[in-house]
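Subject: Structure handover

Hello,

I am passing this structure on to you, with notes on what was found in it. Please look at it first and then read on.

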Amino acid sequence: MYLRDGKLPSDGMHEECGVFGVYSNETRDVAHTVYYGLFALQHRGQESCGIAVAYADKINYYKGMGLVPEVFSGGRLSQLPEGDIAIGHVRYSTSGASLAVNAQPVVFTGKCGRTALAHNGNLTNAAALRAELIRDNAVFQTSVDSEVLALLINKYSDGDIVKGVLAACSKLCGSYALVVMTADKLIAVRDPYGIRPLAIGRALDDVVIASESCALDAAGAAFERDVQPGEVFVVDAKGERSYFLEKKEPAACIFEYVYFARPDSVIDGLSVYAARREAGHILARNSRIEADVVSGVPDSGLAAAHGYSEVSGIPCVEALSKNRYVGRTFIQPEQGMRESSVSVKLNALRANIEGKRVIIIDDSIVRGTTSRKIVRLLREGGAKEVHMMAASPVVRHPCRLGIDIENYSQLIGANKSVEEICRFIGADTLTFMTVEQLKQSCRGARLGFCTGCFDGQCPYPPQAVRESKSQFD
Ligand code: SF4
């Protein structure tokens, strides 16, 4: 069980995967470069990971369940051969079960020889494409939509991987940031809406691809640019070139700025930290709450709390102390123990809050259970008043584009009014941003946004069934 920001997997939204790739002009230990990149992308997926290396006309790979250092411990990293191209993947499962067989990269032998693929996102038409491929006599080994993608690329490639990628991507609905590798090519693809991020960097003559710029930094590469929506970027011995899929109105996932991405990443020209801090500025400008201190829920609420303090003049303090050593190994065998898990991860700092009116800012409120526990912790720690704020709007809709909230019943914002949520979490007041305010906090980004989980406005509208009974009834 892995807790991020004190949240159980059932408490918040969770990103689905990070991808990384490197193309080197010389044969070297490219697997190590991917290792550092995946380590920096660990926040995007903690269930499984893998690295594939191309050398001569072969691909060797290793993948398994667990965190990057766990999977590649015991000399497994150095057992991967030297090569000139490598890709890697960290996975949080939403499509396909959390099993070793579903770990990526997907490696196969097809019309272009040995090929490997790693995918971040979710294909909304994967079931139809899978049925079509099975009718064409394809066989599947896994339940992940990324294997559908692999077989589709192979089907249309006719021995030309770029042709296969272009044709396969023209059939896809949903979100995808991809790295594809053959023995002599590295290809990076971002879907036409640019829903999931993907960046290009350079380390001397090496080309490096990563889900987030923080992974380029970790791999010693300088950020060069974002892969553009709909761009198919190819690098091989002939050089670098780009092809483009059918143009769409960009709709990058705004939740990357709210929660998913690391604060030290820059996505589509906008620093994630700057967007979160600006959200705090906007919350403060629109707030009439009188308070003695403001604080952020570690880690993704901290930048907004600093921003709030800068505008309001209310001192920013640590109200919650985070145990940074709670990781996957923290297993909770019983439901009763799950209840106490937030207190294991977070504890109130009595010295900073006792007798005080506290504003506590979290990045978002998805199911409400974590917020309820945080409010209780602060009250038990002596806070006189607890005013909860979310640095985002009410999450009212599920996401089908790579995030693990599938049903309205899982979302407190789809089932309760703001006043009812406030009562549920036990706060004195509860404040959300509006969608317009959130967009304003991200106005420095070069792309337009998907805001589907807040207002239903996304390239592929939610079709999840509204269940008659929710967990909040
Ligand atoms: S609905 Fe859109 S904004 Fe919300 S998490 Fe999904 S992709 Fe991101």
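How many helices and strands does the secondary structure of the protein chain come to? The count is 18 helices and 23 strands. Please keep in mind that this is a predicted model. The protein chain has 473 residues, and buried residues make up 57% of them. Among contacts in the chain with a separation of 6 or more, 73% are between residues 24 or more positions apart.

Two sheets are described below, followed by the ligand.

The antiparallel sheet

One open sheet is formed by 7 strands with antiparallel pairing. Read across the sheet, the order is β3-β2-β4-β1-β10-β9-β11. Its edge strands are β3, residues 58-65, and β11, residues 222-226, each of which pairs on one side only. From one strand to the next, the twist averages 20°.

At the β3 end, β3 pairs with β2 (residues 48-55) in the antiparallel sense, over 8 bridges. If you want a place to find this pairing in the model, take Ile-51, whose bridge partner in β3 is Tyr-62.

Helix α1, residues 30-40, lies across four strands of the chain: β1 (18-28), β2, β4 (83-91) and β10 (206-210). The helix runs at about 25° to β4. Is α1 mostly covered or mostly open? It is mostly covered, with 8 of its 11 residues buried. The buried residues in α1 are Val-30, Ala-31, Thr-33, Val-34, Tyr-35, Gly-37, Leu-38 and Ala-40.

The parallel sheet

Another open sheet has 4 strands, in the order β17-β20-β21-β22, and here the pairing is parallel. β17 (293-296) and β22 (429-431) are the edge strands, and each pairs on one side only. The twist in this sheet averages 20° from one strand to the next.

Strand β20 (residues 357-362) pairs with strand β21 (residues 385-390) in the parallel sense, over 6 bridges. Two positions show how they line up. Val-358 has Val-386 as its bridge partner in β21, and Asp-362 stands opposite Ala-390 in β21. To get from β20 to β21, the chain passes through helix α14 (residues 369-380), and this β-α-β crossover is right-handed.

On to the next pair: β21 and β22 are also parallel, with 3 bridges between them. Met-389 stands opposite Thr-431 in β22. Strand β21 is mostly covered, since 5 of its 6 residues are buried.

Which helix lies across β17 and β20? That is α10, residues 302-312, which runs at about 155° to β17. Helix α16, residues 418-425, lies across β21 and β22 and runs at about 125° to β22.

The ligand

The last item is the set of residues around the ligand. They are Ile-195, Cys-253, Ile-254, Phe-255, Cys-399, Leu-401, Ile-403, Cys-450, Thr-451, Gly-452, Cys-453 and Cys-458. How many residues in this shell are nonpolar, polar or charged? By class, there are 10 nonpolar and 2 polar residues, and no charged ones.

Regards

Conventions. Residues are numbered from 1 along each chain as its sequence is written. This is a predicted model: local features need pLDDT of at least 70, side-chain atom pairs count only at pLDDT 80 or more; totals for chains, interfaces and linings use all residues. Two strands pair if DSSP finds at least two bridges between them. Helices (H or I, at least four residues) and strands (E, at least two) are DSSP runs, numbered from the N terminus. Axes are lines fitted to C-alpha atoms, for helices over the stretch in contact, and angles run from 0 to 180 degrees between N-to-C directions. Two residues are in contact if their C-beta atoms, placed from the backbone, lie within 7 Å. A residue is buried if 20 or more other C-beta atoms lie within 10 Å of its own, exposed if 12 or fewer, and partly exposed in between; C-beta atoms are placed from the backbone. A residue is near a molecule or strand if its C-beta atom, placed from the backbone, lies within 6 Å of it. Ala, Val, Leu, Ile, Met, Phe, Trp, Tyr, Cys and Pro count as nonpolar, Asp, Glu, Lys and Arg as charged, and the others, Gly among them, as polar. A crossover is right-handed if, with the strands pointing away from the viewer, the path from the first strand over the helix to the second runs clockwise.
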